[in-house]
Amino acid sequence: MEMFDLLAQRARVTPERPALEDLDSGERYSYRQLNERAARLAAAAREHWGLREGDRLAYLGHSRAEFFAMLFGCAKAGLILVPLNWRLAVPELEVLMDDCEPGALIFGGEFAEAAATLARRRGPLTAVALDGAGDGQRDYCADLAATEPDPGPHPEKDPDTPWYLLYTSGTTGRPKGVIQTFRMMLANHLNIGLAVNLTGDDVLLNVLPLFHTAGINLYSSALFLVGGCVLVARAFDPDQSLQVLENRATIFFGVPAVYQALLDHPSFDGERLKGVRSWGCGGAPLSLPVAQRYAEQGIRVRTGMGMTETGPTVFLLDEELVIDKAGSVGRPQLLTEVRIVDRDGRDLPDGEAGELLVRGPNITPGYWGRPDATAEAIRDGWLRSGDVARRDADGCYYIVDRWKDMYISGGENVYPAEVEKVLERHPAIAEVAVVGMPDGRWGEVGKAYCGLHPDVEAPDRDQLRAFCREYLAGYKVPRAFQWVDALPRNALGKVTKQELRDDAARR
Ligand code: ATP
């Protein structure tokens, strides 16, 4: 199967249907307009920004409807979009830029300073301003306006051609770009689109950041294929979200921290949210009391589970099972196979917990420029999730633990290795281990156990946080620090993190 231009096809089928709306700027696009905008971007990237097929185009900015014109414009031009996590500190962004070497960087005015620093340190890089260009920068809107839309038809592509890259930090602390392809998008569409029964009449409120697979694919990309409408919020704002959920949206997807914040809002009232026919939640475990409180308000939140590497949908809980199978992430979806294996790779029977492996057309072909990491993660087509799961007799799955060293804070994954690398640079710290500890608002927050060099004074905790913040996004900075004489280690010298996790959870 070769890939043709899906957005152009959709625009032929339903040209005047609303495709997108930016809730903050008020900009709206029909499918015809979105397709034309994407075609202009494809042409401008070639004519004004010097990009050629296969080049990377980075985006640093808050969520905007325009993002989807970039995404589909890249598909038309054969470019690879790299949506950058705007929460990252500049040194973290530099690592990503060094890895994917983009030819151009589009940035929102809110990140003008960071973009200027990145462009200065990295040459040659065309800086393209969305909100008014400075010296030596291109003006996004002017360039698109001055360009005839690339009419296509575009050469058909192998469905495994990289379309965009999403970075995850990984357990070694070295970021990896997870390649996202057309095949993955189609597979996700069939997995989630069929499970939620997406139709052209659906309206999605999208509050998740667009540098994550959830923001792009749950359910935006799947909804575009059926001709529905996506409302893009610049960032999650409970006031705005409740208003849109009461008045316009028919489907919604959030991470647990979003569900918690909506519930805590003084004007939350399940009665007024009846227009939303489907509620999805994933990215981290949804706590049972929160799920229960939604159920009491007549809202059945369907939990699911996925990964950046799996496009993302793997599991989704049926609506009828939300109460009976509370705590489960449901069954594997149509185009996804899963196994549960022990540490030697042997399949385990129902009820026993082991590592979750995933296979199917929704799996990434690998990590950008990292055949080593790809070979480590995907063996014989099976992706090793690093998650520990079990299956019950009804075929429902539960995520019970994690073998990979990672915790999730407000929906953002934090890989302790990355935080530890930064703290190890501090002159007072001899050894350090970071773990996640439970937190009512964010699910988990970080706690750092630090062994200090002999004869040094314990550093001030606020200074230590400021030190971390220079190199790390705010959500990765540990909330708590504890001084220890020595870290607990096993006979092989490896830090026994479970002991620290248990300790952090007890306090
Ligand atoms: P996004 O990054 O867009 O939020 P995501 O969380 O699906 O999407 P990743 O950031 O790659 O994707 O994180 C995947 C990991 O998150 C899984 O391997 C698992 O450890 C954890 N996870 C995701 N959903 C759940 C869930 N429902 N319950 C428990 N853990 C989950």
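**Chatting through the ligand site**

Student: Hi! Before we start, what kind of model is this?
Tutor: Hi! It's a predicted model. Let's go to the ligand and its polar contacts.

Student: Sure. What does Asn413 do around the ligand, in terms of distance?
Tutor: Asn413 places a polar side-chain atom 2.9 Å from an oxygen atom of the ligand.

Student: And how much of the ligand does the protein bury?
Tutor: The protein buries 95% of the 610 Å² that the ligand exposes when taken alone.

Student: Nice. Which elements give two or more residues to the shell around it?
Tutor: Those are α8 (213-217), β14 (301-306) and β21 (397-402). The largest share comes from β14, with three residues.

Student: Back to contacts: how far is the Lys404 side chain from a ligand oxygen?
Tutor: An N or O atom in the Lys404 side chain sits 2.6 Å from an oxygen atom of the ligand. Lys404 is also one of the residues that come nearest, along with Ala214, Gly304, Thr308 and Asp387, out of 20 around the ligand.

Student: What about Thr213, backbone or side chain?
Tutor: Backbone: a polar backbone atom of Thr213 is 3.3 Å from a ligand oxygen.

Student: How does the shell split by class, then?
Tutor: Nine residues are nonpolar, eight are polar and three are charged.

Student: New topic! What does UniProt put at residues 418-494?
Tutor: Its unreviewed entry gives the feature "domain: AMP-binding enzyme C-terminal" there.

Student: And what is that span made of, helix or strand?
Tutor: Some of each: residues 418-494 are 22% helix and 34% strand, and the end C-alpha atoms lie 17 Å apart.

Note on methods: Residues are numbered from 1 along each chain as its sequence is written. This is a predicted model: local features need pLDDT of at least 70, side-chain atom pairs count only at pLDDT 80 or more; totals for chains, interfaces and linings use all residues. Side-chain values use heavy atoms; hydrogens and water are left out. UniProt positions are given in the numbering used here, feature names are shortened, and annotations may be inferred rather than shown by experiment. Helices (H or I, at least four residues) and strands (E, at least two) are DSSP runs, numbered from the N terminus. A residue is near a molecule or strand if one of its heavy atoms lies within 4 Å of it. A polar contact is a pair of N or O atoms within 3.5 Å; within protein, one must be able to donate a hydrogen and the other to accept it, and residues adjacent in sequence count only if both atoms are side-chain atoms. Accessible areas come from the Shrake-Rupley method with a 1.4 Å probe; for residues, only the protein chains shown count as cover. Ala, Val, Leu, Ile, Met, Phe, Trp, Tyr, Cys and Pro count as nonpolar, Asp, Glu, Lys and Arg as charged, and the others, Gly among them, as polar.
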